[in-house]
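Student: I have a new model open and would like a close look at one part of it. Could you take me through the packing inside, and then through what lies around it?

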Amino acid sequence: LDETNSNNAAFGTDQINLDPAQGTGSWSTKVTLPGVSGAVSAIHYTNSSLIYAATTTGQVYRLVKSGATWTATAIQAPPLPVGPFITDIAAVPGSPNTVILTMSGFGHGHVWRGVFFGTSAIWTNISGSAITAIPDIPANALAIDPNAVNTFYVATDVAVYRSTNAGVTWTQFSEGLPNCAVFDMRLHNPTRLLRAATHARGI
């Protein structure tokens, strides 16, 4: 759902499908993703004229609305790995040109920051380093605290990790959680409640 107008909804296939009435309006707007391979696996409807989307094959798109027309631009670029499944993507609150994404797989960074300039983005691995890093395990979901925009929560196959310095360092944030994969998270800001959905161990 659009962060600024919840009537606007989007879902992904090999394109982005949009509806201005939460799915009751026939999804008449279809936005083609240039050069797409695989399927859309993550969407952040940042505002009524900006969407970020990512795919199962490591592609990232920025969709901008001008008038009634949406245009999608591919913004993945080295050193962002080519190929890994992107599991989640979100613009940093208050900074719509900065996105954070998480990746599945092994052998590469699992949390990345992209800063959009002009027609492309500059990507940085923010998975941490040495003992303060997220381990080399799939990262499945992301939550950014709107009250403290340098605080990120990342759900992985073994634990939830938290960074309070925009990804420079990470620590486990799993007290009370079972030792299992966490596949999704949502931060309900009014109650300051972070919900975590696990594999086979409930919410």
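Tutor: Happy to; we will start with the packed interior and then move on to a pocket, a loop residue and a small sheet.

Please keep in mind that this is a predicted model. In soluble globular proteins, nonpolar side chains tend to be buried together. Here, the largest nonpolar core has 17 residues. Tyr 52, Val 60, Ile 75, Leu 80, Ile 89, Leu 101 and Trp 123 are the ones with the most contacts inside that core. At least two core residues come from each of the strands S5 (50-55), S8 (86-92), S9 (95-103), S10 (111-117) and S11 (120-125).

Trp 123 is a good residue to click on. Setting aside neighbours within four places in sequence, Trp 123 is in contact with several fellow names from that list, including Val 60, Ile 75, Leu 80 and Leu 101. Its contacts also include Gln 76, Pro 79, Trp 112 and Arg 113. A second core, separate from this one, has 15 residues, among them Val 92, Ile 134, Ala 159 and Tyr 161.

Now for the open space. The largest pocket holds about 890 Å³. Its lining is made of 33 residues, and Glu 3, His 44, Ile 89, Ala 90 and Arg 186 are the closest to the pocket centre. You have met Ile 89 already, as one of the residues with the most contacts inside the largest core. Strands S4 (40-47), S8, S9, S12 (139-144) and S16 (182-188) each give two or more residues to the lining. S4 provides the largest share, with seven residues.

Next, a loop residue. Ala 166 sits in the loop between strand S14 (160-163) and strand S15 (171-172). Ala 166 has a relative accessible area of 17%, and buried means under 20%, so this loop residue counts as buried. Beyond residues up to four places away in sequence, Ala 166 touches Arg 113, Ile 126, Asn 150 and Phe 152. Arg 113 is also a contact of Trp 123.

Last, the sheet. Three strands make an open, antiparallel sheet in the order S1-S2-S3. S1 (9-12) and S3 (29-32) are the edge strands with a single partner each, so one side of each has no neighbour in the sheet. From one strand to the next, the twist averages 25°. Four bridges join S1 to S2 (residues 15-19), and Gly 12 has Ile 16 in S2 as its bridge partner.

Terms used
Residues numbered from 1 in each chain as written. Predicted model: local features only at pLDDT ≥ 70, side-chain atom pairs only at ≥ 80, totals over all residues. Heavy atoms only, no water. Pairing = 2+ DSSP bridges. Axes fitted to C-alpha atoms, helices over the stretch in contact; angles between N-to-C directions. Core = buried A, V, L, I, M, F, W, Y, C linked by side-chain atoms within 4.5 Å. Buried < 20%, exposed > 50% of the residue type's maximum accessible area, 1.4 Å probe, protein only. Contact = heavy atoms within 4.5 Å. 1 Å grid on protein atoms, 1.4 Å probe; cavity = no way out; pocket = protein on both sides within 12 Å on 5 of 7 lines; lining within 4 Å. Points joined across faces, edges and corners; volume = space filled by probe spheres on them.
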